[in-house]
Amino acid sequence: MGSAIQMLSVALGLLGLVAAVVCCAVPLWKQSAFVGQNIVTAQYNYEGLWMSCVGQSTGQQQCKSYDSLLALAPDLQAARAMVMISCMLCGLSLLILFTGANFTTCVQNESAKPKIRLVAAVGLLLAGLLLFIPVSWSANTVIKDFNNQLNQNKKELGPCIFIGWAGGALLLLAGGLLCCFNGLRGGGGG
């Protein structure tokens, strides 16, 4: 059963890593909201961590990188850092998990494997949190701005917000499974 849980954790971790990379790369965190009288429009806007894009009803789109890091909103600045750290930590944790898994022979010392798996589990849990926080923060900002009556430029949640929530949940689940079914026994001795 231990190897099956570890393989499941690897699969969940890989899916979470893919979701984190998609969140980082695809500019669909915020998109135009069509509310009120102006429902039929010829163009729509969408934004991501690294660029903003304008798409037209003809299918053409044009993207532009943000000019300055300092001109970005605080949630976007923090999201860039946290999502990048989440991707790197998840990748590193999966590599550590491969070395300590029962289905690999990278480490010959069987008593060290549970400790290595625990380190990987903590890394996956942290990577999940580092993905959840910026996605939830950006979602809160979008919803708050959408409900602001003075704001005429309404945005709504883009697909990357939902992908980020799913990826964070997968990473937390992978880390939680590894923590619960690690096989590390407490006790004395050395």
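This passage describes how four helices are arranged and packed in a predicted model.

Helix α1 comprises residues 2-25. At 1.5 Å a residue, its 24 residues should span 34 Å, and the end C-alpha atoms of α1 are 34 Å apart, so the expected and computed spans agree. The buried residues of α1 are I5, Q6, S9, V10, L12, G13, G16, L17, A19, A20, C23 and C24. These buried residues pack against α2, α3 and α4.

Helix α4, formed by residues 159-180, was examined in the same way. Its 22 residues should span 32 Å at 1.5 Å a residue, and its end C-alpha atoms lie 31 Å apart, which agrees with the expected value. Within α4, the buried positions are C160, I161, G164, G167, G168, L171, A174, G175, L177 and L178. The buried residues of α4 pack against three helices, α1, α2 (74-100) and α3 (113-147), and against the strand β5 (155-157).

The packing of helix pairs was then considered. Two packed helices are described by the angle between their axes and the distance between the axes. For α1 and α2, the axes come within 9 Å and cross at roughly 160°. An angle over 145 degrees counts as roughly antiparallel, and α1 and α2 are therefore roughly antiparallel to each other. Their crossing is left-handed. On the α1 side, the contact is made by Q6, S9, V10, G13, L14, L17, A20, V21 and C24, while α2 contributes V83, M84, C87, C90, G91, L94, L97 and F98. By class, the contact of α1 with α2 has 13 nonpolar and four polar residues, and no charged residues.

Helix α1 also packs against α4. The axes of α1 and α4 come within 8 Å and cross at roughly 155°. This angle makes α1 roughly antiparallel to α4, and α1 passes α4 in a left-handed crossing. In this contact, I5, Q6, L8, S9, L12, G13, L15, G16, L17, A19, V22 and C23 of α1 meet C160, I163, G164, G167, L170, L171, L173, A174, L177 and L178 of α4. The residues of the contact of α1 with α4 divide into 16 nonpolar and six polar, with no charged residue. Residues of α1 listed in the contact with α4 and also in the contact with α2 include Q6, S9, G13 and L17.

The axes of α2 and α3 come within 8 Å and cross at roughly 160°. Helices α2 and α3 are therefore roughly antiparallel to each other, and α2 passes α3 in a left-handed crossing. The contact of α2 with α3 comprises 22 nonpolar, seven polar and three charged residues.

Two individual residues illustrate buried and exposed positions. S138 is found in helix α3. With a relative accessible area of 2%, S138 is buried, because a value under 20% counts as buried. Apart from residues up to four places away in sequence, S138 touches W29, D75 and I161. Of these contacts, D75 lies in α2 and I161 in α4.

Q152, in contrast, is found in the loop between α3 and β5. Q152 has a relative accessible area of 70% and is exposed, since exposed means over 50%. The C-alpha atoms of Q152 and L131 are separated by 29 Å, and these residues stand 21 residues apart along the chain.

Key
Residues are numbered from 1 along each chain as its sequence is written. This is a predicted model: local features need pLDDT of at least 70, side-chain atom pairs count only at pLDDT 80 or more; totals for chains, interfaces and linings use all residues. Side-chain values use heavy atoms; hydrogens and water are left out. Helices (H or I, at least four residues) and strands (E, at least two) are DSSP runs, numbered from the N terminus. The expected span of a helix is 1.5 Å times one less than its number of residues. Buried means under 20% relative accessible area, exposed over 50%, partly exposed in between (1.4 Å probe, protein chains only). Contact means heavy atoms within 4.5 Å. Axes are lines fitted to C-alpha atoms, for helices over the stretch in contact, and angles run from 0 to 180 degrees between N-to-C directions. Angles under 35 degrees count as roughly parallel, over 145 as roughly antiparallel, 65 to 115 as roughly perpendicular and the rest as oblique. A crossing is left-handed if the near helix is turned anticlockwise from the far one by less than a right angle, and right-handed if clockwise. Ala, Val, Leu, Ile, Met, Phe, Trp, Tyr, Cys and Pro count as nonpolar, Asp, Glu, Lys and Arg as charged, and the others, Gly among them, as polar.
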